[in-house]
Amino acid sequence: MGEVASVDAAAFPAFPFTGSDEDPFIPVRDYDLKHLDESTGRIRLPFGGWAWLITRHEDVRQLLRHPGFSSDQYRPGFPVLNPIPPTREGASGLFIFMDGDAHSRFRRMLTAEFMIKNIRRIEPLIEETVDEALGRMREIGPPADLMNEFALPVPSMTICHLLGVPYSDHDFFQHHSRAIMDRNSGPAEVGAAMEALNGLLGDLITHKRTHPGEDLLSRLVTERVVPGELKEEELLSMAMLLLVAGHETTANMIGMSALALLEHPEHLDALRADPGLAPNLVEELLRYSTVVRTGLPRLALEDAVIGGREIKAGESVVAMLSMANRDESVFHDPEFFDPRRNEAHRHMAFGFGLHQCIGQPLARAELRIALVRLAQQFPGLRSLTTLADVPKRHEAVTFGLGELPVTW
């Protein structure tokens, strides 16, 4: 690998960007866009160094499918955007940060679990979970916080059931997953949160060795760990990844989606009248909200040309999904929320290429069922806040709302 030229990053705009305080659906402020143009597309990274920011839809696709870019956050020079454990040993099964055969090995163990046909089989469970959460919100009575009473419990209860984690532990893992997904957390805090979750999951795995159930963790223990194909510490990291990612991102998307529909009540009414609108509505909400706003970091392992820009081996790049999802060359009038948009499915909210989110069929099902049930069971639902006043979690790895007060 050649030597990377020394560049003074002080003049580049600081990254990650902060979205608009006035409108939570605007992922990047005009101020940051202006400074990004002036810096010729380069950004200053939060832990030192700089990176190219890739924002065009086609360029992001090209980057994320290019074999010459690494996802391994422990490689020297990797563009770290969020605090990580100090050593790989604490993250031996986090396959989203792996390349090649190592990444494929872990991903293959989970692919069948999240196939669309398997997700369809558990849709009755998701419906039951959604109805239960809505029932509790109705019992509380208006007003209520839709984030804490609905958006968080639905994916938490679902992923707990799939993994075989007792839902009674949800406060524990939600607390520690928030620390892991908070950009303000230091490496020590992230390490402590991961250790706490490892303790919970480790005890659970030990129990499932002798008392296996019908859940994913039990299957991985009996089919992979016991025969020696998978180490227990690798399963711990895999389970933690599924637990954290399986509720945090979907919870934020449910909250943002509900807010979008409350801001456009005509689309909420249309969904109530015709639930068949839900699949395309979900795709447009994924494009329009794109809660993964810090982008996907990569390290160039070889010289490459992305979108006409020469990137040298050893240089850092960040694929900005939220900006790619507002590329006007792909999406007509991209700042406009249009649930009937024909090209909505071309979004990259789940990433692209070999590393795209393995749980996207589950996330889509949860969003579709949650929004249809919400529209049907709460016909008079309305927000008690404004876009400017709704609490926003800019510091989170996946953007979301701190709360969403509603009444009906």
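The accessible surface of the protein chain amounts to about 17,400 Å² (Shrake-Rupley method, 1.4 Å probe). Carbon and sulfur atoms contribute 52% of this surface. The model is predicted: local features need pLDDT of at least 70, side-chain atom pairs count only at pLDDT 80 or more, and totals for chains, interfaces and linings use all residues. Residues are numbered from 1 along each chain as its sequence is written, and side-chain values use heavy atoms, with hydrogens and water left out.

The chain holds 15 helices and 10 strands (DSSP runs, H or I of at least four residues and E of at least two, numbered from the N terminus). Its radius of gyration, taken over C-alpha atoms, is 21 Å, close to the 22 Å from the globule rule (2.2 Å times the number of residues to the power 0.38) for 408 residues, so the chain is as compact as a globular protein of that length. Buried residues (under 20% relative accessible area, 1.4 Å probe, protein chains only) make up 56% of the 408 residues.

Strand 8 covers residues 316–319. Ser 316 and Val 318 point one way, Val 317 and Ala 319 the other, and all are buried. In a regular strand, side chains alternate between the two faces of the sheet. Strand 8 pairs (at least two DSSP bridges) with strand 2 (residues 50–54) in the parallel sense over 3 bridges. Ala 319 is the bridge partner of Ile 54. Strand 5 (residues 296–300) runs antiparallel to strand 8, joined by 4 bridges. Here Val 317 is the bridge partner of Arg 298.

Methods:
Buried means under 20% relative accessible area, exposed over 50%, partly exposed in between (1.4 Å probe, protein chains only).
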